[in-house]
Amino acid sequence: MTGAWKKAIAGLMAAATLALSACSSSDSSPLGISIIDPASRNNLDAAVLQPGAAYLRAATSQGLVRLDALGNIVPGLAERWIVTDDGLSYIFRLRNARWENGDPVTSEHVAAALKRRLQIEAKSALGADTAEVRDIRSMTGRVIEIRLLAPQPELLRILAQPELGIRRNGSGTGPLAADRRQYWTLLTERVDDSMGQDSRRRVRPLEVRTEHAARAIARFAMGESAMVLGGRFEHLPYLSAAGISDNDVRADPVLGLFGLLVVNGKGFLGDPANREAIALAIDREALMTPLGIGQWQVTARIVPLGLERYQPLIGDRWTDLTIEARRDLARGRIVRWRQANETLPVLRIAMPRGPGTRLVFGRIRRDLQTIGLDARLVAPDAAADLRLIDEVAHYRQPGWFLNQLACAVRPLCNEEGDVLLAQARRAVDPAVRMAKMAEAEVAITSANIFIPLGTPIRYSLVRGNVPGFAITADGWHALPDMVVIPR
């Protein structure tokens, strides 16, 4: 921990006001929540939602279904649904709901909004997740059907993602209503006579701020908020600098992709063997030790082991080699490259801003130097050769992991693996689907376009026992459940 980070936190804490409205003795006063967001912009209609926008869209613009505090799928705009036996049709019956202007929500509105959103997401990983959707149609005023080209067992969980929240003319249907303020948003339960609300429920508003990590953590340390959502590895040094108690840190047991994506496939990085040399050189077990994480779950796999019904065709890589033997192998490839080329590139690695990033990058650079390569840290939006991917899986099936690397999503991809992945998506037989996924994993892994390092790190800061908050497997914490005050 350097003095610079402690001074930065101390300055923010000294500048913070002591208006402890979020922690008032009245349990019906606003619950203060900070969402860590490097952009601190809340464009709820962007193709890629920033963290703050994702939470606010999910709270104010629910989808057909949504996720509750425990990560379970619960009704949203749809009060119930059925899935046909062949898995090719999902039929939803909408509840009576109204838009902010009082107009009733119809199946035509929902079908049109969902179609528009899927068009926006067509070139995203979420678009790859919904590639099986053939048609969305209104059947009656309150019934909507989604037809699929092939079964997508995780469709409900995908529909619960914030990006697929239903909006019309810039507004949604709740379950919360937003009152935008200068620096924060007040979320209150939206009262709708069609929702069948129990009048005996006691609720409280949420005072939600989207802000940079240092400010959010300083505000929590000063007692000005009860919760901070969205903690990642790059923010960890701020916790000790602000004196955050271990008892206030709640880690989520997430899966996902955390590793280096090759985004420049020219020159040195145009050779898959050279890309593998980078993967061979990195000591994954030591990567997070500067952050005080002693048991980080490392991996050299794209798809983790143990997923239900999935039998991989590729085992763990390099398990028979020590780190020294791996680096010897990598050095040989670097020597051969230098014999045929005048110079080696200084690899530009794009990573998120933060003190944790500098520590982890320092380890990566040191590891690369052991095989004769050098690296330079660049901003997350800068031109780069490799870019850190740090994404949590929305569902725990091989399709999610492979879809993140699909050609529609990434400019540098493996075409053979992409064809196999498309065949898997179109397979009606679940066994064929999984077999094609396993073949796609082999092809994409062998191309070395993504260098897996380990499991993403996600945590929240929570003061005491906040009703409506729970540790979840996907790191998502539903705001609507936090407005209810239990009796």
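**Helix α10 and the salt bridges**

The buried residues of helix α10 pack against three other helices, namely α8 (272–281), α9 (284–287) and α11 (355–369). The structure described here is a predicted model. Helix α10 itself covers residues 323–340 and has 18 residues. From the first C-alpha of α10 to the last, the helix reaches 26 Å, close to the 26 Å expected at 1.5 Å a residue.

The residues of α10 that are buried are Ile 323, Arg 326, Arg 327, Ala 330, Arg 333, Ile 334 and Trp 337. When α10 is viewed down its axis, these buried residues fall within an arc of 120 degrees, so they line one face of the helix. On the other side of α10 are Glu 324, Arg 336 and Gln 339, which are exposed.

Helix α10 also holds a pair of charged residues joined by a salt bridge. Asp 328 and Arg 331 form this salt bridge, and their closest N and O atoms are 2.5 Å apart. Both residues lie in α10 and are 3 residues apart, about one turn of the helix. Asp 328 counts as partly exposed, because its relative accessibility of 49% falls between the limits of 20% for buried and 50% for exposed. Arg 331 is likewise partly exposed, with a relative accessible area of 31%. Elsewhere, salt bridges that share partners join Glu 79, Arg 80, Arg 93 and Arg 142 into one network.

Side chains of opposite charge can pair when their charged atoms come close. In this model, the count of salt bridges comes to 26. Two further examples are described here. In one of them, Arg 209 forms a salt bridge with Glu 207, and the closest N and O atoms are 3.5 Å apart. Arg 209 and Glu 207 are both buried.

In the other example, the side chains of Glu 211 and Arg 219 meet in a salt bridge, with a distance of 2.9 Å from N to O. Glu 211 has a relative accessibility of 6% and therefore counts as buried. Arg 219 is also buried, because its relative accessible area of 14% is under 20%. The pair Glu 211 and Arg 219 is thus made of two buried residues, whereas the partners in the α10 pair, Asp 328 and Arg 331, are both partly exposed.

Note on methods: Residues numbered from 1 in each chain as written. Predicted model: local features only at pLDDT ≥ 70, side-chain atom pairs only at ≥ 80, totals over all residues. Heavy atoms only, no water. Helix = DSSP H or I, 4+ residues; strand = E, 2+ residues; numbered from the N terminus. Expected span 1.5 Å × (residues − 1). Buried < 20%, exposed > 50% of the residue type's maximum accessible area, 1.4 Å probe, protein only. Arc of directions from axis to C-beta. Contact = heavy atoms within 4.5 Å. Salt bridge = Lys/Arg side-chain N within 4 Å of Asp/Glu carboxyl O.
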